[in-house]
Each structure stands twice: as structure tokens, then as C-alpha cells.
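Visitor: Please walk me through this structure one question at a time. I am in my first year, so plain words would help.

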Amino acid sequence: TGADAEITEMVRYLTGNDRFTGQFETGRYRVEGTGETLVEAWKQREVDFVVKNAEMTWRSDQKEWQFFVESGSIKRPPNRSGEIVAKGKIGDADADLRAKFHLLEDDIRSRFDEIAGTLADVTFEFTDVSVDDVKAPYRDIQFSIEGDRLDQLDSVYDLDLPPVGPYKASGIFRRQEDEIAVDQMDLWIGENHLLGNWRLDRAAEPRKLTGALTAETLQIGEFSGGGGWSPIVKSIHTGEAEDAVEKSRRKLLSREILSNYDIDLQLEVGSMMAGSKSLGKGAMNVVIDSADLRIDPLTVNIPGGHFDGSFRFHPKADGTLDWSLRIDAEKADYGILARRINPESTMEGKLNLDLDVGANGVPVNALQLNVASGDLAFNVCPKNIDASGFDIWALSLLRGLLPKFDPDNESQLNCVLGKLHLEDGIITPESLGLDTTTIRVGAEGQIDLK
């Protein structure tokens with residue numbers, strides 16, 4: 001028995017890992033063996049270790065983890081199988097852990113058969129389903145993780161995760177010396193069901209994650225986060241009124257987080273949904289390389305047309321941000337899209353769009369057009385310019401202006417076109433006008449987005 005004891009060396013010996021440090025307030029360790037010889041008694045030994053109010057720290061490559069064990073025990077009867085039970089906290093999150101293990105043939109090392117429990121109300125279970133061969137170069141682990149909302153884990157990882165859910169992930173991952181791979185992952189987020197695979201190269205620096213996900217349908221609204229959540233800092237803290245929670249939690253698109261891994265992820269969706277309405281097929285490729293996030297290509301195919309685009313987001317080491325956005329649409333039937341959002345819409349027409357804007361060296365929260373530069377060209381050929389329920393700025397503008405030019409409403413609108421240049425938040429039209437069956441209207445001036 002012991003009190004206020006340092007257990008760093010014992011934990012490192014038992015786990016074979018030198019990243020642990022720890023101490024406990026009270027503890028008891030008992031070993032009992034029976035046999036005709038000392039060797040036989042050792043092989044038939046029974047181990048019982050009980051600890052209360054233990055504090056431990058484990059250093060990973062990215063962060064330092066703090067564990068507090070209110071009560072814990074390790075029990076192994078003579079049958080070579082044992083159990084670990086612990087209750088306490090990981091960081092500020094409540095944790096309840098149960099694990100089963102067994103001794104290997106060398107009678108010294110042990111291997112976990114099952115680890116299960118709850119962490120911050122998230123339920124998890126990991127079961128070793130691989131061959132019990134100490135020389136095997138890999139382990140196959142069946143896993144299941146389930147929770148109500150992702151942001152339940154904010155305090156565990158010091159992250160600002162989106163408040164989406166419920167969610168559940170399951171599958172089997174193979175762990176080798178330098179790689180962890182999942183060939184068949186089953187993922188549910190709300191009503192969205194995704195299937196996929198991924199690989200984590202642990203030998204790369206930074207670690208490299210590659211994967212592919214597919215979904216028959218995807219409710220895009222369920223990924224918005226809601227409640228004002230944002231993956232980037234919404235304001236620059238300058239004084240005593242700064243938001244302490246936002247300041248302490250690491251944003252998903254912060255340079256610190258984006259620098260931890262290089263990522264190459266492909267996503268294909270059979271039908272992107274807005275409520276009960278299908279917007280069409282979608283696909284994108286997400287690449288993160290040296291904290292430089294790129295989504296390219298990003299495509300949405302609707303009946304009667306398609307939208308292509310790309311997006312870049314690069315928080316730099318000097319604390320500033322480079323970003324860019326490109327959207328291209330060719331003869332897209334926006335009437336179909338409008339009716340899938342609002343079935344009562346009577347809008348008809350074709351849209352050509354070429355948008356290419358961005359900004360360099362701006363504050364990390366300045367993801368807006370009022371700091372951007374670039375070009376916008378569009379050509380809209382509407383059959384009906386009713387923009388109710390589906391607001392396209394150019395069409396709403398036309399609906400208000402056309403009666404001014406044609407009070408008798410004798411003209412039919414053929415098209416509206418524009419070629420605009422954006423410089424540091426100021427839009428200057430190189431050409432802008434509308435064409436009807438009876439008149440043509442041109443425009444000039446500036447639009448200040450600041």
C-alpha cells in the first residue's frame with residue numbers, strides 16, 4: 001500500500017511508453033501466486049491493483065493530455081485474462097472506462113481485447129478481432145463511436161467543433177507500425193449516411209490522411225452547424241471584452257489545426273438535398289498541404305446545367321489570410337434549382353456565370369467580398385424574373401428597374417449581362433446592361449461593398 005506516491009516509472013514499465021507521468025493519493029498493489037515451484041506460482045499469479053485520486057499526464061505529438069482517475073482498478077485472476085475499470089476525467093470531460101486484456105505467451109506482455117466506455121457522454125467501443133499472434137505485423141480493431149453532438153468533445157480536444165448530430169461511426173481499422181487504415185467505414189451524421197475508407201500515414205511529417213467518402217443523399221443543411229458556429233475566428237480580439245471561450249477553443253480552420261495533418265479527401269454525393277428537395281449530384285476534392293486548404297474541384301450537376309468551382313483558404317504564419325473563390329456556370333437552368341428550393345417559384349431562365357475573386361494578406365476573419373479583388377462576368381436570360389423565395393441579386397434588381405424604363409410593360413426581357421471588376425471591395429462595371437424586345441439599357445458607376 002502507499003500514499004501520495006509517484007507512479008511514473010511503474011506506469012512506464014507496465015505500458016512500455018515513456019510519455020506517461022503520474023502520481024496517486026492512495027493505492028494498493030497485491031500479487032499472490034500458488035504452485036509447487038516459484039516458476040509455477042509466478043505463472044498462476046493473481047494481480048490486484050486499486051488506486052484512488054490518481055493524476056496522470058500523457059504527451060502525444062500534438063497535445064498534452066491530463067487524466068484524473070477518481071477510482072480505478074486492475075484485476076487479473078490466474079486464468080491470464082484481466083480487467084481494468086476506471087472512473088474520472090480527461091481534461092474537463094467525465095470519463096468511464098472498462099477494458100479487458102490477456103497475457104501473451106511470453107507471460108510478460110499483455111494485449112487488450114476490448115476497450116469500452118463513455119467520454120463526455122460519447123459512447124465508444126474498440127474490440128481486437130485480429131489473430132492472437134505476437135509476431136503479427138498488424139492488429140485489426142473493430143470500433144464503434146456514437147454521440148448526440150460533435151461539440152460534446154470540445155473540452156476534450158480544446159476544439160470548437162460544429163454542433164451537428166447525432167452521429168455514429170463504425171468499422172474495422174488495421175493498425176500497423178507506420179499506418180492505420182479503414183477499408184469499410186460506416187458513418188451516420190443526422191440523416192446522412194456515408195460509406196468510405198481512409199489511410200493515416202504515421203511516418204509522414206506531418207501525418208498524411210487520405211480517404212474517400214460516398215453518400216446516396218446528403219442533407220447540406222445539417223452541416224451548417226447553426227447557432228452562429230463558425231470554423232474560423234469571427235472577430236479579432238483587441239481588449240477586455242474579448243470572448244474567452246472563442247479565444248481558448250481552437251478553430252477547425254486555424255493554422256494550428258490545419259498544420260497537424262496533410263489531407264487528401266474525395267467526396268461524391270448522389271443527391272444533394274435541401275429539405276425534401278434534391279439539388280442534384282455533387283462532388284469535391286479537399287486537399288490540405290502545409291496548412292493550405294484547397295477544395296478543387298467542387299461540382300454540382302443539376303438537370304439542365306452544372307456549377308463548377310474551387311476554394312482556397314490559407315492562414316499564414318504571419319497571422320494573415322490568403323483566400324480565393326471561383327465559380328463557373330454555363331447555361332445552367334436556374335429555374336429547376338429555384339423550384340427545388342421553392343416549389344411555388346415560377347422562375348425560368350438560363351445563367352452563365354464566371355466568378356473569380358480573392359484576397360491576400362487580410363485578417364484571418366476577413367472572408368468577405370468587401371476586402372476582395374477579382375472579376376465577375378454573368379449573362380442571365382430569364383423567361384420569368386419572379387425572384388420571390390429564390391433571391392438572385394441581378395434578377396431582383398431588374399424586377400425593380402424594368403418598370404421605370406418601360407411603364408407600359410410592353411417589353412419582354414431578353415437578357416441581362418455584366419462584366420464587373422472588383423478591387424479591394426469596390427465593384428466597377430466594365431459593361432453592364434439589359435436587353436429587351438424594345439429597349440436596351442446600359443449602366444455605369446460603382447458599388448462599394450465596404
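Visitor: Which residue does the side chain of Arg199 meet in a salt bridge?
Guide: Let's start with the rule: a salt bridge is a side-chain nitrogen of Lys or Arg within 4 Å of a carboxyl oxygen of Asp or Glu. For Arg199, the N to O distance is 2.7 Å. The residue on the other side of this salt bridge is Asp183.

Visitor: How many residues apart are Arg199 and Asp183?
Guide: Helices (H or I, at least four residues) and strands (E, at least two) are DSSP runs, numbered from the N terminus. Arg199 sits in strand E13, residues 192-201, while Asp183 sits in strand E12, residues 179-189. The pair links distant parts of the chain, and the separation is 16 residues.

Visitor: What pLDDT do local features need here?
Guide: Some ground rules first: residues are numbered from 1 along each chain as its sequence is written, and side-chain values use heavy atoms, with hydrogens and water left out. This is a predicted model, in which totals for chains, interfaces and linings use all residues, side-chain atom pairs count only at pLDDT 80 or more, and local features need pLDDT of at least 70.

Visitor: Is Arg199 buried, partly exposed or exposed, and which of these is it by its relative accessibility?
Guide: Buried means under 20% relative accessible area, exposed means over 50%, and partly exposed is in between (1.4 Å probe, protein chains only). Arg199 has 29% relative accessibility, so the label is partly exposed.

Visitor: How many salt bridges does the structure hold?
Guide: Some are joined up: Arg28, Arg30, Glu32, Glu46, Asp48 and Lys75 are linked in a network of salt bridges. For the structure, the count of salt bridges is 16.

Visitor: With which residue does Arg174 form a salt bridge, and which parts does the pair tie together?
Guide: The closest N and O atoms of Arg174 and Asp140 are 2.7 Å apart. Because Arg174 lies in strand E11 (residues 167-176) and its partner in strand E9 (residues 138-147), the pair ties together parts that are 34 residues apart in sequence. Arg174 is partly exposed at 33% relative accessibility, whereas its partner is buried at 14%. So the parts are strands E11 and E9, and the partner is Asp140.

Visitor: Which residue meets Asp322 in a salt bridge?
Guide: Asp322 is buried, with a relative accessible area of 10%. The partner is partly exposed at 25% relative accessibility. Their N to O distance is 3.3 Å, and the partner is Lys316.

Visitor: Which side chain shares a polar contact with Asp292?
Guide: A polar contact is a pair of N or O atoms within 3.5 Å; within protein, one must be able to donate a hydrogen and the other to accept it, and residues adjacent in sequence count only if both atoms are side-chain atoms. Asp292 is in strand E18, residues 292-302, and is buried at 10% relative accessible area. At 3.3 Å, the polar contact joins its side chain to that of Arg294.

Visitor: How many aromatic pairs does a search of the whole structure find?
Guide: Rings of Phe, Tyr and Trp (its six-membered ring) pair if their centres lie within 6.5 Å; planes under 30 degrees apart count as stacked, over 60 as edge-to-face and the rest as tilted. With that rule, the search of the whole structure gives seven.

Visitor: What kind of aromatic pair do Phe126 and Phe173 form?
Guide: Their ring centres are 6.5 Å apart, with 70° between the planes, which makes the pair edge-to-face. Phe126 lies in strand E8 (residues 122-128) and Phe173 in strand E11, so parts 47 residues apart in sequence are tied together. Phe126 is partly exposed at 27% and Phe173 is buried at 15%. The kind of pair, then, is edge-to-face.

Visitor: Why is the pair of Phe143 and Phe173 given its label, and what is that label?
Guide: The ring centres are 5.9 Å apart and the planes stand at 40°, so the label is tilted. This pair ties together strands E9 and E11, 30 residues apart in sequence. Phe143 is buried, with a relative accessible area of 8%. Once more, the label is tilted.

Visitor: Which residues do ring pairs link into a cluster?
Guide: The two pairs we have just met share Phe173. The cluster linked by ring pairs is made of Phe124, Phe126, Phe143 and Phe173.

Visitor: How many strands are there in the chain?
Guide: Of the 450 residues in the chain, 37% are buried. The chain has seven helices, and its strands number 26.
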